[in-house]
Structure formats: structure tokens, C-alpha cells
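Colleague: Before I accept any label, I would like to hear the definition behind it. Please show me the model.

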Amino acid sequence: MLNFKNKDLCIEQVKLSDIAREYGTSTYIYSKKQFINNFENYKKVLGAKDIVCFACKANSNRTILKLLADIGAGADTTSGGEIYRCLKVNFNPSKIVYAGVGKTSEEIEYALKNKILMFNVESLEELDAIDKIAGRVKIKAKIAFRINPHVDPDTHSYIATGKKGTKFGIPYEDAVMAYLIAKKKKNVVVFGIHSHIGSQILDIGLFKIAAKKIKKIVDDLEKNGIGLEYINCGGGLGIEYTKDQKAPSPEQLISELFLVFGKDKKFIFEPGRSIAANAGYLLAKVIYRKLSDKKNFLITDAGMNDLMRPTLYGAYHEIIPIKKINAKKVKTDVVGPICESGDFIGRDRMLPVLAQGEYVLITCAGAYGAAMSSEYNSRPLLAEVLVDGRKTALIRKRAKWEDLLLNEE
Ligand code: LLP
């Protein structure tokens with residue numbers, strides 16, 4: 001939804017310079033239209049029986065969650081807090097799934113009492129805990145096992161989850177045994193199967209290899225008299241952070257997976273990044289420039305506490321000035337004010353020489369941007385703004401210094 005109006009970069013129909021003036025910087029900005037388009041890209045190829053559960057860890061701002069709930073999304077959650085947020089904005093509980101290797105008793109009880117669709121169970125000890133709590137509160141727990149298919153998703157190791165040796169899921173060789181155990185539990189209903197092999201995956205072939213392994217388990221379970229209602233294919237579809245990356249569309253992914261499973265089952269997809277990433281931006285101001293040992297630095301008011309991805313994963317986010325200018329381009333490191341050399345937004349970027357007080361836009365920051373931000377260096381959390389056509393709305397107030405001390409003695 002980025003476009004130039006004369007020399008001004010805009011999101012939908014709003015100039016970024018106007019947003020900077022009205023809301024200050026640094027600020028997360030989202031395009032409502034882009035969120036809706038991205039969600040519809042999944043929905044249009046799925047049937048009414050299938051559910052697109054937005055992975056709300058990618059962006060859990062209340063207004064964003066409400067926007068998605070209102071257009072029919074379900075939610076993939078990973079903590080009691082996420083379930084709480086989702087219920088607060090009226091997600092239909094029967095469209096909420098809950099994964100995570102460390103669900104506490106309190107979280108399990110909360111999820112049961114609120115009648116979520118399904119637990120994606122990650123270990124046999126967790127199965128025992130769910131069975132016990134379900135018995136105590138007298139609510140049957142519907143479960144899927146999260147199966148680890150041992151497929152390397154060819155992504156950053158921190159976000160590769162379906163590989164051998166990671167903490168996630170039940171190893172696929174043990175899957176049938178796990179279901180046979182679950183079948184005997186009094187307070188558990190075997191309901192589905194789940195697999196999520198990782199994030200920012202650009203090769204559909206890898207999803208297919210995992211799907212074939214899951215399909216084999218589904219067939220083996222049927223032979224053992226265990227029928228499943230839902231196949232949850234997880235999330236993980238990558239997006240184009242750079243111009244030379246090519247991301248498959250949700251349609252391409254889903255049609256390939258339908259070839260593996262057939263269309264008749266009920267499907268769940270759990271996209272996070274492919275719904276939120278390119279719908280969000282981080283707007284930052286140049287505070288100072290400096291030349292240090294022949295290196296040009298732009299020091300902005302956005303730091304690694306605001307956007308962790310470059311520091312944590314070496315992730316690339318495009319950085320663009322918000323005014324079209326013809327100044328000569330120089331190799332530049334765009335950094336934040338935090339006291340670590342790892343505090344950078346982009347390194348060795350060819351950027352036009354900018355003046356103090358000018359702005360840059362960091363793209364594809366809508367997923368795992370604000371959601372992963374922190375107050376490190378006692379920097380209050382940022383404002384978040386939603387653009388809808390010509391309108392803007394503040395959907396999270398910029399925190400103040402006083403807020404830093406809110407819960408401290
Ligand atoms: N389902 C499960 C069970 C997950 O663990 C995740 C993400 C998703 C779905 C959504 O995956 P997506 O469609 O967004 O790839 N902070 C990292 C990404 C962590 C992903 C964690 N799990 C980053 O900034 O790249």
C-alpha cells in the first residue's frame with residue numbers, strides 16, 4: 001500500500017510526513033487494506049469449513065486482532081495472555097487453537113473454561129496435564145498433537161521448528177503411539193493433527209515434504225480406527241523482504257497441500273507473517289549523522305528494542321526515505337540509540353544523504369515488530385497508528401517515562 005504522491009511517500013492515501021507530524025516518531029504504522037487483502041488471499045482459496053487462524057504472536061495489537069476477528073479470522077495462540085487478548089476482541093472461541101511447549105495449569109484451565117477449539121499438544125506430559133485438568137473442571141479437551149516431521153525448513157535456525165533436535169512437537173516416529181495413548185484418556189477428545197515446521201519459508205517443496213509425512217500418519221491412524229476432524233498445516237509462509245526474494249502465494253501453498261491431503265478434511269492454517277508483515281512499517285527520524293572511520297552512520301530514534309529482528313536474526317528490512325530526493329547515495333549504517341554495537345536497523349545500505357530531522361521508513365515491520373519490542377534502555381514502547389484510506393487512528397498510545405515505573409516498588 002506504499003505509493004508516492006508527487007515527492008511524498010504515502011501509506012494508502014496518507015503522507016508519512018503528516019503521520020510524523022501528528023503522532024511523532026518512532027511509530028509503527030499499519031495499512032488496514034493490506035491486512036484485509038492478505039487475510040482474503042488465504043480465505044478465498046479455502047472452504048467455509050476451513051479456518052484461517054491468525055498467529056497472533058506476529059502482531060497482537062488489540063485493534064489489529066479485532067480487525068481480523070471481524071472479518072472471520074480465527075486465532076493461533078501461544079499463551080494464556082494471547083487467548084485473553086483474543087477473547088477480549090470477540091474472536092469466536094471455537095476458532096482459537098493453542099500451541100506451545102510450556103502451557104501452565106492456569107493457562108490450560110483458562111483455555112478449557114473458555115471452550116477454545118483445540119489444544120495443539122506438544123508432549124505426553126502435557127497430555128497428562130490437560131487430561132487431569134479437564135477431568136477436574138469437567139470439560140472435555142479437544143486435542144491435536146503437534147507433530148515434528150523432522151524436515152529442515154531452510155530458514156534461520158532460531159525459527160526452524162520442524163527439524164530434528166528442536167523442542168517442538170512429538171517426533172513423527174512416535175505419533176501413532178501418542179494418539180493411541182490419547183485415545184485412552186478419559187477427558188480428552190482426539191480431534192486433529194498439527195504441524196508447523198518453521199517461519200519465513202520460501203520453498204513450497206519443504207511444506208510438501210512435511211505434509212506427506214503428516215498424511216502418512218493420518219492414514220496410519222485411520223488404519224488404527226482413529227479418525228481426525230482437522231488437519232492443521234501451521235503457518236510459516238515467507239514474504240519478500242528483499243527484491244530478489246520470491247515468495248509463493250497462499251494460493252500456491254494451499255493448492256499443493258490439497259494435492260497431498262485431498263480437499264475433504266477440515267483445514268486450519270496459522271499464518272502470521274504472511275498476513276501482518278507487509279501491512280506494517282516503522283517510521284523513524286534521523287537524529288544525528290556521523291562519519292566514523294570512513295563509515296557513514298544515520299542515528300535514528302528507532303532502536304533494536306523497537307525492532308529486534310535485524311539484531312536477533314540478521315534480518316533485512318528495506319529502509320527508504322519518505323521524500324523523493326535526488327541526493328547522491330552513500331553506503332550507510334542505519335542504527336539506533338541503544339548502547340550496543342548490535343543495535344542496527346540496516347547495515348551498508350545505499351541511501352541518499354539525508355539531513356538531520358528527515359525521516360526513513362522501515363518496511364515489512366508489521367509482523368514480529370511491535371510484538372517483540374521491549375523497554376530496553378528504558379525506552380517507552382512506541383505509538384501504533386492504523387491507516388484506513390485517508391484516515392488515521394492511534395491504536396496504541398506512545399508510552400511515557402512514567403509508564404516505565406508503573407509496576408515497580
Ligand atoms: N503456528 C505456530 C505454532 C507458530 O509457532 C508460528 C510462529 C506460526 C504459526 C506463525 O508463523 P508465521 O506464519 O508467522 O511464519 N520472531 C520470528 C518469527 C517467530 C515465529 C514463531 N512461530 C521472526 O521475527 O522472524
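Modeller: A nonpolar core is a set of buried Ala, Val, Leu, Ile, Met, Phe, Trp, Tyr and Cys residues joined through side-chain atoms within 4.5 Å. Buried means under 20% relative accessible area, with exposed over 50% and partly exposed in between (1.4 Å probe, protein chains only). The model is predicted: local features need pLDDT of at least 70 and side-chain atom pairs 80 or more, while totals for chains, interfaces and linings use all residues. Residues are numbered from 1 along each chain as its sequence is written, and side-chain values use heavy atoms, without hydrogens and water.

Colleague: Which members of the largest nonpolar core touch the most others?

Modeller: Of its 100 residues, these are Phe 119, Ile 143 and Phe 145. Helix α8 (residues 204–223; helices are DSSP runs of H or I, at least four residues, numbered from the N terminus) gives the most, nine residues.

Colleague: Why is this core said to lie between domain 1 and domain 2?

Modeller: Because domain 1 (2–29 + 278–401) and domain 2 (32–276) both give residues to it. The bounds come from an automatic or database domain assignment.

Colleague: What makes the pair of Ser 199 and the ligand a polar contact?

Modeller: A polar contact is a pair of N or O atoms within 3.5 Å; within protein, one must be able to donate a hydrogen and the other to accept it, and residues adjacent in sequence count only if both atoms are side-chain atoms. A polar side-chain atom of Ser 199 lies 2.4 Å from a ligand oxygen atom, so the pair meets the cut-off. For Glu 270, the distance to a ligand nitrogen atom is 2.6 Å.

Terms used: Helix = DSSP H or I, 4+ residues; strand = E, 2+ residues; numbered from the N terminus.
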